[in-house]
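Here is a friendly walk through one protein chain. Have the structure open next to you as you read.

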Amino acid sequence: MHRVGSTGNTSNSSRPRREKRLTYVLNDANDSRHCSGINCLVISKLSLLGGNDYLFSGSRDGTLKRWELADDSAVCSATFESHVDWVNDVVVTGETLVSCSSDTTLKTWRPFSDGVCTRTLRQHSDYVTCLAAASKNSNIVASGGLGREVFIWDIEAAMAPVSRTSEAMDDDTSNGVLSSGNSVLSGTTVRSTNATNSASLHTSQLQGYTPIAAKGHKESVYALAMNDVGTLLVSGGTEKVVRVWDPRSGAKQMKLRGHTDNVRALILDSSGRFCLSGSSDSIIRLWDLGQQRCVHSYAVHTDSVWALASTPNFSHVYSGGRDLSLYLTDLNTRESLLLCMEKHPLLRLTLQDDSIWVATTDSSLHRWSAEGQNPPKMFQRGGSFLAGNLSFTRARACLEGSALVPVNTQPSFVIPGSPGIVQHEILNNRRHVLTKDAEGTVKLWEITRGAVLEDYGKVSFEEKKEELFEMVSIPAWFTMDTRLGSMSVHLDTPQCFSAEMYAVDLNVPDAPEEQKINLAQETLRGLLAHWLSRRRQRLATQVSANGDFPVGQENALRNHISSRIDVHDDAETHIAGIHPAFDFSTTSSPSIITEGSQGGPWRKKITDLDGTEDEKDFPWWCLECVLHGRLSPRESLKCSFYLHPYEGTTVQVLTQGKLSAPRILRIQKVINYVLEKMVLDRPLDSSNSETTFTPGLSGNQSHAAVVGDGSLRSGARVWQQKAKPLVEILCNNQVLSPDMSLATVRAYIWKKPDDLYLYYRLVQNR
């Protein structure tokens with residue numbers, strides 16, 4: 001588990017403050033499937049709906065899914081989306097689903113709702129890796145993570161509403177973060193409990209409740225387990241020891257040594273006397289907590305043990321891990337059996353009657369026959385072996401050629417996933433991205449509308465990348481990663497507003513020739529089109545209900561935002577309507593990950609935005625762009641250059657030294673400029689080339705001539721007596737294509753940080 005940059009700012013960061021980021025995640029067309037490895041599983045036996053069991057899965061794609069199980073079917077009946085990073089663990093306690101994530105939060109959900117997050121709990125300082133719940137005490141949940149922290153939560157108390165005055169809320173949130181030392185639990189203010197996973201549900205913190213801290217961990221925690229009644233908690237991690245705690249007080253009880261590598265999996269029997277641990281040292285150990293010692297060790301794996309599941313009576317254990325193997329071991333007789341081999345490392349196991357569900361680093365879920373209610377039946381099929389008690393036992397057996405034959409060769413049922421993206425390349429036009437997924441399929445995406453332009457199938461990624469190469473230069477207005485198994489496109493102000501294109505190049509209908517479009521601005525407008533529509537509907541509803549337009553709140557928002565932005569005189573005009581090149585699909589809509597002035601990051605599909613989100617939920621610069629068409633201050637989008645005659649050219653052009661033009665200006669416009677300013681009836685006088693008067697400029701602008709789009713239109717000069725001459729523009733003695741932009745010439749032809757020099761010459765008409 002590795003760390004990546006967060007989508008926003010951490011409150012305890014010592015680095016200079018950065019503006020909040022907006023990220024959008026391009027989802028697979030089939031949203032009912034996971035698109036990355038599945039870290040956690042839990043079966044709900046509540047059977048409230050239709051009498052079937054429900055399987056909840058949490059994935060590295062940042063979502064949880066609820067599967068309604070039948071004998072030969074599994075239907076995805078809900079997707080739970082709010083975490084902004086990997087979902088690492090999930091438990092069901094009473095009628096509440098609790099999940100934890102690498103985004104450092106725990107979230108509570110209504111398990112049988114349509115993905116409603118009821119609370120966000122913030123106490124951890126680093127990735128939250130594991131959870132444990134007491135099956136007979138629905139209020140108690142423990143969480144552990146990489147910050148050397150374990151907290152014990154009273155879920156009912158943590159979710160209890162806290163009444164607070166508006167003045168107190170305003171005081172606490174004046175800086176966008178609520179705090180009270182380390183004892184504050186971030187939670188949620190419920191703006192509308194009926195709204196589906198509203199962003200506003202994740203924007204404030206609770207006062208008055210502090211979880212119990214089990215203090216004493218010296219390193220990261222990767223595994224937790226709790227007995228049925230919640231009176232005993234065990235933890236394990238990179239310390240290589242098993243620690244035992246009283247979850248009611250957080251007090252230490254004992255520390256068990258024996259493993260020689262990270263402890264990655266733990267389970268307790270119902271009484272809390274016996275504990276099983278799985279480790280990266282490939283050993284499974286059985287501990288008697290009453291005797292405070294290891295009573296048995298089982299060497300059945302050849303690599304790290306990452307997942308354990310036991311039968312209800314704690315007589316047998318199922319184990320899996322990095323060696324791709326799933327074993328069944330009798331804890332009394334030490335007899336072991338290889339049940340199956342997966343194609344990917346096993347991350348989590350959960351029993352359902354006579355079957356076992358297996359989650360791996362792949363996006364699919366497999367159900368295998370396991371005889372969970374009567375494990376001895378599996379051993380009757382033969383092929384068992386006696387588990388050793390030393391780690392090299394199984395490795396030596398493999399070297400000696402005693403290969404095991406798995407009992408099952410095919411799973412009894414598969415919940416398919418979508419292959420995650422494992423490789424990507426941003427093409428030079430900065431609108432298209434080439435991707436390769438885990439199955440080797442290569443696709444071309446247009447990220448400004450989240451659509452697949454071409455599915456090339458299983459072809460060479462490198463060859464296709466070379467084939468699609470274009471000699472164009474567009475500023476890097478976004479960054480991206482595929483950590484979630486899909487494309488996450490990150491927009492940071494003001495860098496994101498650095499790329500422009502002519503509207504005609506984007507096939508905008510009836511667009512003027514000189515109209516420029518800012519790629520980030522139009523992408524944001526496309527992403528938030530649904531939100532803007534719902535916002536207008538709400539405002540209209542308020543007007544019709546009150547008979548008066550609610551200008552106070554709108555003006556307050558506008559004043560708050562405008563006070564933080566320097567609007568350029570050349571800021572792009574806000575254009576109504578969404579251009580086709582920026583029209584995101586509503587059937588496979590992307591998700592937004594961002595944060596506003598209060599709370600932490602949140603994630604939500606663009607079609608689920610209800611119009612109530614405001615500056616507390618969105619970055620101010622994003623709202624200013626979408627609502628008012630104003631962009632954050634950014635570096636100049638112009639390119640300066642010198643235009644001189646090529647060697648041997650005797651025609652003079654009226655120029656005034658250094659010229660300036662948009663970076664996207666094509667060389668054809670420079671040719672037009674030369675034709676317009678050409679003087680054919682007198683020889684070239686190079687001595688005054690920088691001071692010659694240029695029409696439209698005063699004499700004191702001799703070193704700041706501006707090549708504007710309007711002055712470069714072809715046909716500005718009338719050629720009546722002579723045929724229009726043919727002009728070529730050169731750079732570094734290379735003739736430039738009229739379709740090249742100034743930025744492309746600078747990047748691929750000039751290749752220097754110095755001022756760009758272009759040269760013109762007349763050639764005979766061919």
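What is the mean pLDDT of the protein chain, and what share of its residues reach 70 or more? The mean is 82, and 78% of the residues get to 70 or more; pLDDT is the predictor's confidence in each residue, from 0 to 100. This is a predicted model, so local features need pLDDT of at least 70 and side-chain atom pairs count only at pLDDT 80 or more, while totals for chains, interfaces and linings use all residues. Residues are numbered from 1 along each chain as its sequence is written, and side-chain values use heavy atoms, with hydrogens and water left out.

Two stretches call for some care. Over residues 560-575 the pLDDT is below 50, and this stretch has 35 contacts in the model beyond near neighbours in sequence; a contact means heavy atoms within 4.5 Å. Residues 708-716 also stay under 50, with 15 contacts beyond four places in sequence. Where pLDDT is low, the predicted coordinates should not be read in detail.

Now for a pair of helices. Helices (H or I, at least four residues) and strands (E, at least two) are DSSP runs, numbered from the N terminus. Helix H6 (residues 519-527) packs against helix H9 (residues 620-628) at an angle of about 85 degrees, and their axes are 9 Å apart. Axes here are lines fitted to C-alpha atoms, for helices over the stretch in contact, and angles run from 0 to 180 degrees between N-to-C directions. H6 and H9 are therefore roughly perpendicular to each other, a label for angles of 65 to 115 degrees. On the H6 side, Gln521, Leu524 and Arg525 meet Trp621, Cys622, Cys625 and Val626 of H9. Sorted by class, that contact has five nonpolar residues, one polar and one charged.

Which residues have the most contacts inside the largest nonpolar core? They are Leu22, Ile447, Leu491, Leu524, Leu528, Trp531 and Trp621, in a core of 46 residues. Such a core is a set of buried Ala, Val, Leu, Ile, Met, Phe, Trp, Tyr and Cys residues joined through side-chain atoms within 4.5 Å. Buried means under 20% relative accessible area, exposed over 50%, and partly exposed in between (1.4 Å probe, protein chains only). Strand E1 (22-26), strand E38 (487-491), H6, helix H7 (529-546) and H9 each give two or more residues to this core. H9 supplies the largest share, seven residues. Apart from this core lies another, of 29 residues, with Tyr673, Ile729, Trp750 and Tyr760 among them.

Tyr673 also turns up in helix H10 (residues 667-677) as one of its buried residues. H10 is mostly covered, with nine of its 11 residues buried.

Ile447 has plenty to touch: leaving out residues up to four places away in sequence, its contacts include Tyr24, Arg430, Trp477 and Phe584.

Arg430 brings us to the backbone. Two residues other than glycine with positive phi are set side by side here.

| Residue | Phi | Loop | Relative accessibility |
|---|---|---|---|
| Arg430 | about 60 degrees | between strand E33 (421-426) and strand E34 (432-437) | 22%, partly exposed |
| Asp510 | near 55 degrees | between E39 and strand E40 (516-518) | 81%, exposed |

One more backbone detail: the peptide bond from Thr493 to Pro494 is cis, with omega near 0 degrees. Pro494 sits in the loop between E38 and strand E39 (500-502).

Conventions
Angles under 35 degrees count as roughly parallel, over 145 as roughly antiparallel, 65 to 115 as roughly perpendicular and the rest as oblique. Ala, Val, Leu, Ile, Met, Phe, Trp, Tyr, Cys and Pro count as nonpolar, Asp, Glu, Lys and Arg as charged, and the others, Gly among them, as polar.
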